[in-house]
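Trainee: I am new to this structure and would like a close look at one single part. Could you pick a helix and walk me through it?

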Amino acid sequence: MTSIPLHKTLKDMTLTNVSVGYDGDVVVKRAAFQLLEGQIGCLLGPSGCGKSTLLRAIAGFETLMAGEIRMDDQVISSPSFSVNPENRSIGMVFQDIALFPHLSIAENIAFGLSDWPKASAEERVAYLLELVGLAGFQSRYPHSLSGGQQQRVALARAIAPKPKLLLMDEPFSGLDAKLREELVPDIREILKHEKMSALLVTHDQMEAFAMADQVSVMDAGVIHQTGTPYQIYHEPETRFVASFIGHGDFLPATVCGADCVHSDLGTIRGDLDHGFADNTQVDLLVRPDDILHDDDSEFVGVIVSKWFRGSHFLYRVKLSSGKVVYCFASSHHNHAIGQEIGLTVHLDHLVMFPRQ
Ligand SMILES: Nc1ncnc2c1ncn2[C@@H]1O[C@H](COP(=O)(O)OP(=O)(O)OP(=O)(O)O)[C@@H](O)[C@H]1O
């Protein structure tokens with residue numbers, strides 16, 4: 001009698017100095033990070049930086065040029081050794097949903113359960129239909145579902161056999177913005193409920209922030225930083241991460257003590273030692289939420305452009321030095337372009353890079 005394959009969750013997946021490429025050209029260089037049990041990771045970066053190549057290497061579709069990939073203490077990829085993709089206990093979801101058009105929704109979800117006892121497979125399919133919010137859709141066919149519903153079925157199909165790891169390559173990019181906004185937190189909830197470790201590829205930072213516990217920011221084949229969404233926004237470790245994530249400007253500044261810097265915003269004290277020597281010339285990162293509109297402040301700037309964002313305004317303001325920075329204001333403070341407004345600076349952790 002067949003039995004349900006034993007379900008083991010992933011303890012960890014570790015990439016050590018992984019290089020991957022095509023025809024001798026290195027595309028991904030010395031990638032290293034770890035994904036733990038139940039964690040949702042993300043590879044985030046501009047088009048062509050190598051995200052899909054790295055994901056395909058983890059899935060077992062590309063041979064490593066250097067380094068190794070381990071899952072639960074077992075090497076699954078190295079330049080001389082590779083576990084077959086079908087033996088890695090990895091599920092995949094892609095941008096092109098690719099459901100089987102001639103199979104019903106239930107049959108699509110049950111596709112990877114052929115070695116399960118019939119009753120257990122039926123139970124698993126019913127459970128997943130409920131979990132992805134499609135109870136009652138079992139007899140329908142893919143063409144009769146919306147794009148968002150089809151992507152939920154694709155997810156259910158990928159996680160049905162309880163893989164240790166789910167890989168998702170731009171799974172939401174074919175969906176419109178509103179649907180994406182609704183679907184992303186739902187999918188995160190489903191993966192957390194299933195205690196499923198997952199790795200998402202996206203170039204959309206809002207998607208990465210909404211979905212992932214840990215984000216690896218890539219550029220030109222190199223992972224610049226791996227951290228929580230909060231860390232990569234507030235504590236970027238490289239100039240690329242600082243520029244790629246969120247809005248921001250670099251202001252020329254001069255170090256004036258272990259926690260202190262002097263710039264066009266005045267003298268600012270941070271809450272941590274920034275590690276630069278006195279008098280070093282640096283570029284100081286200033287985010288929109290670092291400068292707030294304040295009617296009572298004597299420190300002023302002139303509005304050069306503005307965006308209404310519903311709950312708030314985002315202004316570009318020119319300082320007396322001529323430098324232009326972003327500024328947040330509550331949407332009750334509707335000022336005209338050209339008007340002078342008061343500003344207060346709220347910079348706690350100073351993010352600085354050597355002057356370029
Ligand atoms: N099969 C292949 N053969 C040769 N070069 C390839 C192949 N697949 C990808 N590349 C190249 O590798 C580089 C990285 O591509 P990759 O698809 O991994 O980037 P990406 O970050 O996923 O981009 P996107 O977000 O646009 O999908 C690109 O320069 C691409 O042209």
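Mentor: Happy to; let us look at helix 3 and what lies around it.

This is a predicted model, in which local features need pLDDT of at least 70, side-chain atom pairs count only at pLDDT 80 or more, and totals for chains, interfaces and linings use all residues. Residues are numbered from 1 along each chain as its sequence is written. Helices here are DSSP runs (H or I, at least four residues), numbered from the N terminus.

Helix 3 takes in residues 118-131. Its 14 residues should span 20 Å at 1.5 Å a residue (the expected span is 1.5 Å times one less than the number of residues), and this agrees with its end C-alpha atoms, which are 20 Å apart.

Now, which residues of helix 3 are buried? They are Ala 121, Arg 124, Val 125, Leu 128 and Leu 129, where buried means that 20 or more other C-beta atoms, placed from the backbone, lie within 10 Å of a residue's own. These residues cover an arc of only 135° around the axis (taken from the directions from the helix axis to the C-beta atoms), so they are on the same side of helix 3. Here is the general background: an α-helix has 3.6 residues a turn, so residues three or four places apart point the same way.

The buried residues of helix 3 pack against helix 2 (105-109) and helix 4 (147-159), with contact meaning C-beta atoms within 7 Å. On the face turned away from that buried side, you will find Ala 119 and Glu 130, which are exposed (12 or fewer such C-beta atoms). Just after helix 3, Gly 133 takes a positive phi of about 75°.

Methods. Helix = DSSP H or I, 4+ residues; strand = E, 2+ residues; numbered from the N terminus. Contact = placed C-beta atoms within 7 Å.
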